[in-house]
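Please look over the sequence and the model below before reading on. The report that follows takes up a few residues, pairs and helices in turn.

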Amino acid sequence: MVSSVAEAVSLQFQDEYRQRRERLMEKIHRGTAIFRSAPEAARHNTFRQDSDFFYLTGFNEADAVAVLAPHHDEHRFVLFVQPKDWQKEVWTGYRVGVDEAKERYGADEVYSIAELEEKLPQYLAKADRIYYHWGRDEAFNQTILRQWQSLLRQYQKKGIGPVALEDPVTILSPLRLVKSEAELELMRKAIAISVEAHHLAWDMAKPGCYEYEIQAEMERLFRLRGGVGPAYPSIVASGPNACILHYVENSRQLESGDLLLIDAGCCYGYYNGDITRTYPVGGQYSLEQRTIYEIVLEAQRQAIAQVKPGNSFNLVHDTAVRVLVEGMIELGFLVGDLEELIKESKYQPYYMHRTSHWLGLDVHDTGAYKQSEDEWRILQPGQVLTVEPGMYIAPHVEPAEEQPEVPPQWRGIGIRIEDDVLVTETGCEVLTSGIAKMPEELQSS
């Protein structure tokens with residue numbers, strides 16, 4: 001029985017998961033990597049598998065452990081799962097069980113999770129190190145620590161065993177950062193649903209509608225199209241609420257002349273879309289709204305142009321900041337030398353966040369943004385990042401030191417434009433191009 005889209009995806013891409021495990025095992029050599037599933041969901045909450053665990057196994061149940069032991073003679077990939085138990089399953093849902101897990105997920109061996117402490121030592125004894133991410137499950141952290149300490153005590157006699165405990169994130173994150181065609185297929189699906197939901201929201205953005213009505217219809221569509229649900233708490237922010245970066249109350253009634261900033265995306269098969277558009281309620285931007293909108297749009301256009309192989313991740317942000325600051329100077333929000341204003345971050349009262357983040361299995365996907373303290377990561381084909389400049393003139397904004405006050409007609413305007421962008425061999429592809437963003441397209445005739 002296939003009970004969810006995430007599970008269906010995992011069965012469809014089993015060869016993909018096998019290849020991922022093989023790539024990781026090539027890099028850990030004689031180490032053993034241990035990955036813990038997400039915990040059981042609290043009552044009334046939806047279970048969401050740990051991303052690293054799902055990336056390597058496709059297994060979508062709680063209370064499970066995956067072990068990768070490339071040096072083991074027989075069992076290189078081992079799963080520990082919850083056994084079948086009909087009395088418990090009637091309360092908490094069906095389990096795959098030990099026998100079916102082996103058949104479905106390609107493990108060399110599968111045990112009941114109750115056998116973990118007994119069986120795990122055989123996969124650690126000949127390893128030179130243990131790869132394990134210290135997580136929030138303190139009891140399991142202590143289990144790994146006990147196993148390691150026990151083997152360390154034996155090392156003096158046997159001369160073999162793990163002498164180090166290392167976080168696998170430095171190896172796994174770069175692998176996850178470059179998306180395969182299978183991953184991009186899922187991301188395109190998540191984005192297509194997200195685009196459809198934004199079109200629906202655009203049609204609903206009329207005076208008298210409540211923010212929560214738009215949120216409800218968008219999230220209904222996410223589920224209707226087979227998505228897990230929203231990729232993150234949906235932001236539906238009208239009027240001055242658009243100046244609150246993580247506004248999620250979504251309770252205000254839209255008024256004519258408002259801007260409506262919607263930052264919402266669908267999660268499909270655990271992969272995510274992330275789109276922001278800023279619509280004019282009533283169909284027309286005011287002069288001030290359109291002026292700022294066009295500055296943000298130009299900042300995004302120039303930033304997206306920098307998404308190409310060989311450029312640094314930070315060049316995208318620096319490009320957006322420069323365009324935004326030039327606009328702030330032209331509007332009189334900032335006074336002074338462009339370079340000094342940027343260096344001293346005088347723009348931050350109006351633009352206080354970064355322009356991009358990685359996107360994938362997690363909305364803020366894994367992967368370091370820097371290669372060293374002074375060196376930003378270089379973009380390469382297969383990476384997906386957001387490009388989301390904005391400008392926010394809050395009603396009670398306080399300018400940076402020695403900068404002028406903002407005139408009243410500009411206050412309360414918040415604008416962000418966000419797209420999801422794939423780095424290609426020759427440049428980039430805007431995956432979210434299906435939703436309009438030119439101001440003349442968003443205004444009614």
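Is Phe140 buried or exposed? Phe140 has a relative accessible area of 4%, which is under the 20% limit, and therefore counts as buried. This value, like every other in this report, is computed from a predicted model.

## Two buried residues and their surroundings

Phe140 belongs to helix α8, which covers residues 138-158. When its neighbours within four places in sequence are left aside, Phe140 is in contact with Ile34, Arg36, Val65, Leu116 and Tyr132. One of these partners, Arg36, stands 104 residues apart from Phe140 along the chain, and yet the C-alpha atoms of the two are separated by 8.3 Å.

Leu261, which is part of strand β9 (residues 259-264), is another residue to look at, and with 1% relative accessibility Leu261 counts as buried. If residues up to four places away in sequence are not counted, Leu261 touches Ile235, Val236, Ala237, Ala242, Thr276, Arg277, Thr278, Tyr392, Gly414, Ile415 and Arg416. For Ala237, the distance from Leu261 is 5.1 Å in space, C-alpha to C-alpha, while the two residues are 24 residues apart in sequence.

## Salt bridges

How many salt bridges does a search of the whole structure find? The search gives 31 salt bridges, and three of them are described here. In one, the side chains of Asp365 and Lys179 meet with a distance of 3.1 Å from N to O. This pair links distant parts of the chain, since Asp365 sits in the loop between α14 (338-343) and β13 (370-372), whereas Lys179 sits in the loop between α9 (169-177) and α10 (181-204), 186 residues apart. Asp365, at 4% relative accessibility, counts as buried, and Lys179, at 6%, counts as buried too.

Another salt bridge joins Arg277 and Asp419, whose closest N and O atoms are 2.8 Å apart. Here the linked parts of the chain are two strands, with Arg277 in β12 (residues 275-280) and Asp419 in β18 (residues 419-423), and the two residues are 142 residues apart. Both Arg277 and Asp419 are buried, and Arg277 has already appeared in this report among the residues that Leu261 touches.

The third example connects two helices: the side chains of Glu339 and Arg322 meet in a salt bridge of 2.9 Å, N to O, with Glu339 in helix α14 and Arg322 in helix α13 (residues 313-331), 17 residues apart. Glu339 counts as partly exposed at 41% relative accessibility, and Arg322, with a relative accessible area of 32%, is partly exposed as well. Turning from pairs to groups, salt bridges that share partners join Asp52, Arg176, Lys179, Asp362 and Asp365 into one network.

## Two packed helices

Two packed helices are described by the angle between their axes and the distance between the axes. Helix α12 (residues 287-305) packs with α13 at an angle of about 155°, and their axes are 8 Å apart. Because this angle is over 145 degrees, α12 and α13 count as roughly antiparallel to each other. The crossing of the two helices is right-handed.

Which residues make the contact between α12 and α13? From α12 the contributors are Thr291, Ile292, Ile295, Val296, Glu298, Ala299, Gln302 and Ala303, and from α13 they are Val316, Thr319, Ala320, Val323, Leu324, Gly327 and Leu331. Sorted by class, the contact has ten nonpolar, four polar and one charged residues.

## Residues with a positive phi

Most residues other than glycine have a negative phi, and most peptide bonds are trans. Against that background, His29 deserves a look, for His29 is not a glycine and nevertheless has a positive phi of about 55°. His29 is found in the loop between α2 (14-28) and β1 (32-36), and with 57% relative accessibility His29 counts as exposed.

Ser345 also has a positive phi of about 55° although Ser345 is not a glycine. Ser345 lies in the loop between α14 and β13, the loop that also holds Asp365. At 24% relative accessibility, Ser345 counts as partly exposed.

Note on methods
Residues numbered from 1 in each chain as written. Predicted model: local features only at pLDDT ≥ 70, side-chain atom pairs only at ≥ 80, totals over all residues. Heavy atoms only, no water. Salt bridge = Lys/Arg side-chain N within 4 Å of Asp/Glu carboxyl O. Helix = DSSP H or I, 4+ residues; strand = E, 2+ residues; numbered from the N terminus. Buried < 20%, exposed > 50% of the residue type's maximum accessible area, 1.4 Å probe, protein only. Axes fitted to C-alpha atoms, helices over the stretch in contact; angles between N-to-C directions. Parallel < 35°, antiparallel > 145°, perpendicular 65-115°, else oblique. Left-handed = near helix turned anticlockwise from the far one by under 90°. Contact = heavy atoms within 4.5 Å. Nonpolar A, V, L, I, M, F, W, Y, C, P; charged D, E, K, R; others polar.
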